[in-house]
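Pull up the model and let's walk through it together. We'll begin with a few backbone oddities, then move on to the chains and the ligand.

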Amino acid sequence: MPRSKIDIPCHVDYLSILDETGTVDKELEPDISDDFLLDIYKAMVLGRRFDERMLNLQRQGRIGTFPPITGQEAAQLGTVAHLRQSDWFVPSFREMVAEIWRGRAMETFLLYYSGYNEGVDIAEDQNNLPLSVPVGSQTLHAVGLAWAVRYRKKDDVAMTWFGDGATSEGDFHEAMNFAGVFRLPVIFVCQNNQWAISVPLSKQTRSKTLAQKALAYGFPGIQVDGNDVLAVYTAAKEAVERARAGDGPTMIECVTYRMMMHTTADDPKRYRSDEEVEGWRKKDPITRFEKYLIDKNLLEPKKIESVDQEVKEQIQQAVDKAEKLMKELGDPLDMFNHAYAQLPPHLEVQKAYLAKELAETMEKE
Amino acid sequence: MPKLTMVQALNMALKQEMEKDDAVIVLGEDVGLDGGVFRVTDQLYQQFGENRVVDTPLAETAIVGMSIGMAIYGLKPVCEIQFSGFSYQNFHQIENHASRMRWRSQGRFGVPMVLRTPYGGGVRALEHHSESREAFWSHMPGLKMVIPSGPRNARALLVSAIRDPDPVIFYEAKALYRAFREEVPEEEETMPIGKSQIAREGNDLTMISYGAMTRPTMEAASELAEKDGVEAEVVDLLTLSPLDDDLFTESVKKTGKAMIIHEAPMSYGPGAEILARLVEKSFYYLEVPVERVTGFDIIIPLFNRENHYIPSVKRILRTARKMMDGMK
Ligand SMILES: Cc1ncc(C[n+]2csc(CCOP(=O)(O)OP(=O)(O)O)c2C)c(N)n1
Ligand SMILES: [Mg+2]
């Protein structure tokens, strides 16, 4: 026969466990300990409140531009929750709450968004890469890390986050292809928040889903309700287990929404309607999870209030710490730190030049 | 004449060229409804529609590679790379194709495209949003590299760039986008690519700069005149490649002293080439060593420290005075 059909896997699963009304599918409900459920809940609330506080600080001119995460807490925590300390965490730039989960000190966000290089602070025992701004580029690093992990015969995994817009970049496709070819322990987490600044998903791809891109590269892709932390958690669990077992990569598309502006420098009113945003407010990931936890008798109004209080105190401490640090840090000469393992002679000269300039200014003042 | 910011002046250039010539197409990330993240393409989508103002998917290689194809066909794509920090994704399309298609096709195809992109620091931006890497493009054979210094020349140079038969990299200083206004004539105005300008006349010292740095340079020159009685001549390069070395070498023959000011790192920066031309063409006129006031050879720090990185009026003055003292 000159023309025949080639059988290829041609579907992706869509997974939803906890719907927007807070009703759970008992059959699919994952088995998670009460304590861990509460840990995730607290982290979600922390992420939300910290976002609000940062927006406040930004509007007061106390910090610079930053990308809010509101609405994406479930997508971030449901995935990162599976990582062990030795696993590799490879974020883009909108994973604030996942970064906190991985141990990044909250005050460092405030330093970073106030323009201090010291706002990047990765402990020696943490396998966390710093956030990455060039869209999609970090996915390749996850692939390289995973290759190295396997070379060293470890069962760690690399998990990388990126947006819907990132799936248009060559780097993303090359990362997916390499991961597929080498069958590497990578988990590709796409936070499909429907927008890449002003460009809607419909202008980003003609594909029905983003998850299906994995099929072309020869490994599974799954689409989940990204505002349903139980669904995200379940999909990520399968993916991480598969990766650890040596069965290769997975792509998880978390269907979620960017509730706020792209960054605080952006004005979404130019390109999207309030109705659209309001529609998504009803699908809030925290509200439905709260209802689930109340139904499970893990939460009640008083407890909700105490979590909120606890979180607010944590945030205040971070703000205080950051403000104190900002007074101590900021020596201009420190801009030469970490340029190389060892500062080459020409940079010693340039540093001395700056030191002299600073000293002269001091004298005059 | 309307008084426009550089953003508005660039917008005017695009609008008028699009009205005159339906081969002019604007494409890039967020250039449509959003009008570009800096609003340079504001309202063009509304006026010309989605076929001429194209919101592309997020992929710089594709934006530039597609522009090359459009240009080969005979269109005049003006693509926007949202920040120059993301133009390295498309580096290879420029180096391997745009800059050499004329040569590779033995003259059969030109690539009359413009790549517009904001560069430089001073706007409290995030990482990758403040670099000055004009040397990369100036180093590439087959390319033209233009950097305006204000609304009026930005408009005129962009029109020339769009009409140029060869690919042009057009760097727009973010720090200048809304820094000041200038009168910009409604009627057509162009400026030759490859020609620099005297921004201020003087006989004592030649200051060579371009783009965002022409402002602190001019300020320093005024202060030198006021406080030191030194009249500096300021040369605004406007085009880095092909470099107009007549104007600044002639100036140095008059003043005997030259300093170069740019925000890009010093080593292998544009200043190195300018210095080489000075040595080649005006060596015997140089009375004191040429000085460079530039960014340091490190990644520009996050914004809390960027003011100590970017050449300031103070730093320019300090160097100028040292040179003048050397004369006493
Ligand atoms: C390579 C590259 N191009 C452009 C940008 C500018 N930019 C920053 S975020 C963004 C949109 C990203 O959209 P998406 O991948 O969906 O992530 P989201 O912002 O929605 O989290 C753009 C265009 C960039 N940071 N990197
Ligand atoms: Mg997005």
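B:Pro242 sits in the loop of chain B that runs between β12 (239-241) and α10 (245-255). The thing to look at here is the peptide bond joining B:Ser241 to B:Pro242: it is cis, with omega at about 0 degrees. Keep in mind as you look that this is a predicted model, so the angle comes from computed coordinates.

Two other spots in chain B have backbone angles to check. B:Gln43 is not a glycine, yet its phi is positive, at about 70 degrees. You'll find B:Gln43 in the loop between β2 (24-28) and α2 (44-48) of chain B. Its relative accessibility is 43%, so B:Gln43 counts as partly exposed. B:Tyr268 is the other one: phi is near 60 degrees, again a positive value in a residue other than glycine. This tyrosine belongs to the loop between β13 (258-265) and α11 (270-282) of chain B. Is B:Tyr268 buried or exposed? With a relative accessible area of 78%, B:Tyr268 is exposed, because anything over 50% falls in that class.

For a contrast within chain B, go to helix α4 (residues 91-98), which holds B:Gln93. This glutamine is buried, since its relative accessible area is 15% and the cut-off for buried is under 20%. What does B:Gln93 touch, once neighbours within four places in sequence are set aside? The answer is B:Thr61, B:Val64, B:Gly65, B:Ile68 and B:Ala98.

Now zoom out to chain B as a whole. Its secondary structure comes to 13 helices and 14 strands. The radius of gyration is 20 Å, close to the 20 Å that the globule rule gives for 328 residues, so chain B is as compact as a globular protein of that length. Along the principal axes, the C-alpha atoms of chain B fill a box of roughly 65 × 40 × 40 Å. Of those 328 residues, 62% count as buried. If you take the chain B contacts with a separation of 6 or more, 81% of them involve residues 24 or more positions apart. The accessible surface of chain B is about 12500 Å², and carbon and sulfur atoms account for 51% of it.

Chain A is next. It has 13 helices and 8 strands, and its C-alpha atoms fill a box of roughly 85 × 60 × 45 Å along the principal axes. How does its radius of gyration sit with the value for a compact globule? Chain A has 22 Å, and that agrees with the value near 21 Å for a compact globule of 365 residues. Buried residues make up 55% of chain A. Among its contacts between residues at least 6 apart in sequence, 76% join residues at least 24 apart. Chain A exposes about 17100 Å², with carbon and sulfur atoms supplying 52% of that.

A good place to see one of those contacts is A:Cys190, in strand β4 (residues 186-192) of chain A. Its relative accessibility is 0%, so A:Cys190 counts as buried. Leaving out neighbours within four places in sequence, the contacts of A:Cys190 include A:Phe162, A:Asp164, A:Leu210, A:Met251 and A:Cys254. A:Asp164 is 26 residues away along the chain, but its C-alpha atom is 6.4 Å from that of A:Cys190.

Loop residues can be buried too, as A:Thr263 shows: A:Thr263 is found between β8 (250-255) and α10 (274-281) of chain A, and its relative accessible area is 11%. Not counting residues up to four places away in sequence, A:Thr263 touches A:Thr65, A:Phe66, A:Pro67 and A:Pro68.

Finally, turn to ligand 1. There are 21 residues around it, the closest being A:Arg94, A:Gly165, A:Asn193, A:Trp195 and B:Glu60. Why call the site shared? Residues from chains A and B surround ligand 1, so the site is shared between chains. The shell divides into 10 nonpolar, 6 polar and 5 charged residues. On the polar side of things, the side chain of A:Arg94 has an N or O atom 2.7 Å from an oxygen atom of ligand 1. The side chain of A:Asn193 places an N or O atom 2.8 Å from an oxygen atom of the ligand. A:Val133 uses its backbone instead, with an N or O atom 2.9 Å from a nitrogen atom of ligand 1. On its own, ligand 1 has 570 Å² of accessible area, and the protein covers 96% of that.

Methods: Residues are numbered from 1 along each chain as its sequence is written. Chains are lettered from A and ligands numbered from 1 in the order in which they are written. This is a predicted model: local features need pLDDT of at least 70, side-chain atom pairs count only at pLDDT 80 or more; totals for chains, interfaces and linings use all residues. Side-chain values use heavy atoms; hydrogens and water are left out. A residue is near a molecule or strand if one of its heavy atoms lies within 4 Å of it. A polar contact is a pair of N or O atoms within 3.5 Å; within protein, one must be able to donate a hydrogen and the other to accept it, and residues adjacent in sequence count only if both atoms are side-chain atoms. Accessible areas come from the Shrake-Rupley method with a 1.4 Å probe; for residues, only the protein chains shown count as cover. Ala, Val, Leu, Ile, Met, Phe, Trp, Tyr, Cys and Pro count as nonpolar, Asp, Glu, Lys and Arg as charged, and the others, Gly among them, as polar. Helices (H or I, at least four residues) and strands (E, at least two) are DSSP runs, numbered from the N terminus. The radius of gyration is taken over C-alpha atoms; the globule rule is 2.2 Å times the number of residues to the power 0.38. Buried means under 20% relative accessible area, exposed over 50%, partly exposed in between (1.4 Å probe, protein chains only). Contact means heavy atoms within 4.5 Å.
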